[in-house]
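Work through the exercises below with the model at hand. Each task is followed by a solution in steps.

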Amino acid sequence: MHSYSLIAPAKINLYLEIIGDRPDGYHELAMLLQSIDLADRIHLRPNGIQTIRVHCDDPQVPLDESNLAYKAAALMAGQFSDAYSRYGGVEISIQKRIPIGAGLAGGSTDAAAVLVGLNLMWSLGLTQSELQELGERLGSDVPFCIVGGTAIATGRGEQLSSLRSLDHLYAVLAKYRDLPISTVWAYKTYRQQFQNTYVAINNLVERKQRVHSGSMVAAIASQDNQRIGQLLHNDLEKVVLPAHPQVAELRDKLGQLETLGVVMSGSGSTVFALVESQFQAERVRQELRELLPDPNLELWTTRLTHMGIQVVS
Ligand code: C5P
């Protein structure tokens, strides 16, 4: 049986609107999700014993059952118990490059890679949509992480429609090292403060359909970079920025530089700027470093990509 190495890209949110409450307790969302080439590397090795073990080069990442990559392997073992008994367990090694608690779906993309890798390792022959259905049980972003690229995401974030690729664009990412933000906290706080603005449950379907003909989708279809930059939006900024002045300042400083636009990704704490070339990305990164010379501020220049999970060997 083979070992597999996979590339697991991070995602950014070009658009995140919270539409309302769902009967399952989650929020109904309208999002535009985008993969970037900042990625973790996942290595899966069969160990011949009925055990799942996680290893990671970042000591902050938990290695126990709470790790989403572990949960993905446990889900597969439970669903395909014949394969698990026949082939045995797996050693999951994660080379962590995507920061944690950053709003970049780092945990979700590792889990997505485990689903894709075990499907191959155990010769299960699952289709991409079957893998996405399994991914949905692990987290709202996992189905997107499997397919990647540029997509409209509605429902909890799992109903996807792919859009024209934006891989000609670049993003400069900025995040304070010791500032993770809990997604659960961000959504809970948003509900406490803005539930009175939510669309009623019986109007959700109509509202969801309108996302597909929205301005951002049109801007992406016509590859109108300026317009895409202007339309970057994230409702969660309304709760995260007031609670974390450092993130607000970061967004403000990045907004002073010449870019297509700036927004926070997911529930933060990453803020990113979109730009049109690698040259501009490097320039923005240097200028931001001069404006905020804090050694705790981490910066990345990345390219947008049309790729989801990739099997490299
Ligand atoms: O799906 P996932 O486990 O990644 O979501 C993390 C948390 O984010 C949920 O427990 C919920 O508090 C919040 N969330 C939400 N509505 C969504 C997605 C996430 O309220 N559509």
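**Exercise 1: two backbone outliers**

Serine 269 lies in the loop between strand 9 (261–264) and strand 10 (271–275), where strands (E, at least two residues) and helices (H or I, at least four) are DSSP runs numbered from the N terminus. This is a predicted model, in which local features need pLDDT of at least 70, side-chain atom pairs count only at pLDDT 80 or more, and totals for chains, interfaces and linings use all residues. Residues are numbered from 1 along each chain as its sequence is written, and side-chain values use heavy atoms, with hydrogens and water left out.

Task: State the geometry of the peptide bond from glycine 268 to serine 269, and the phi of alanine 105.

Solution.
1. The bond from glycine 268 to serine 269 is cis, with omega near 10 degrees.
2. Alanine 105 sits in the loop between strand 4 (90–95) and helix 3.
3. Phi of alanine 105 is near 60 degrees, positive although the residue is not glycine.

**Exercise 2: helix 1 against helix 3**

Task: Describe how helix 1 (residues 68–79) and helix 3 (residues 106–121) cross.

Solution.
1. The axes (lines fitted to C-alpha atoms over the stretch in contact, with angles from 0 to 180 degrees between N-to-C directions) come within 7 Å and cross at roughly 30 degrees.
2. Helix 1 and helix 3 are therefore roughly parallel (angles under 35 degrees; over 145 is roughly antiparallel, 65 to 115 roughly perpendicular, the rest oblique).
3. In contact (heavy atoms within 4.5 Å), Leu68, Ala69, Ala72, Ala73 and Met76 of helix 1 meet residues of helix 3 including Gly107, Ala111 and Leu118.
4. This contact has 9 nonpolar, 3 polar and 1 charged residues (nonpolar: Ala, Val, Leu, Ile, Met, Phe, Trp, Tyr, Cys and Pro; charged: Asp, Glu, Lys and Arg; polar: the others, Gly among them).

**Exercise 3: helix 11 against helix 12**

Task: Is helix 11 oblique or roughly parallel to helix 12?

Solution.
1. Helix 11 (residues 245–255) and helix 12 (residues 278–291) pack at about 130 degrees, with axes 10 Å apart.
2. That angle makes helix 11 oblique to helix 12.
3. Leu250, Lys253 and Leu254 of helix 11 make the contact with Val284, Leu288 and Leu291 of helix 12.
4. By class, the contact of helix 11 with helix 12 has 5 nonpolar, no polar and 1 charged residues.
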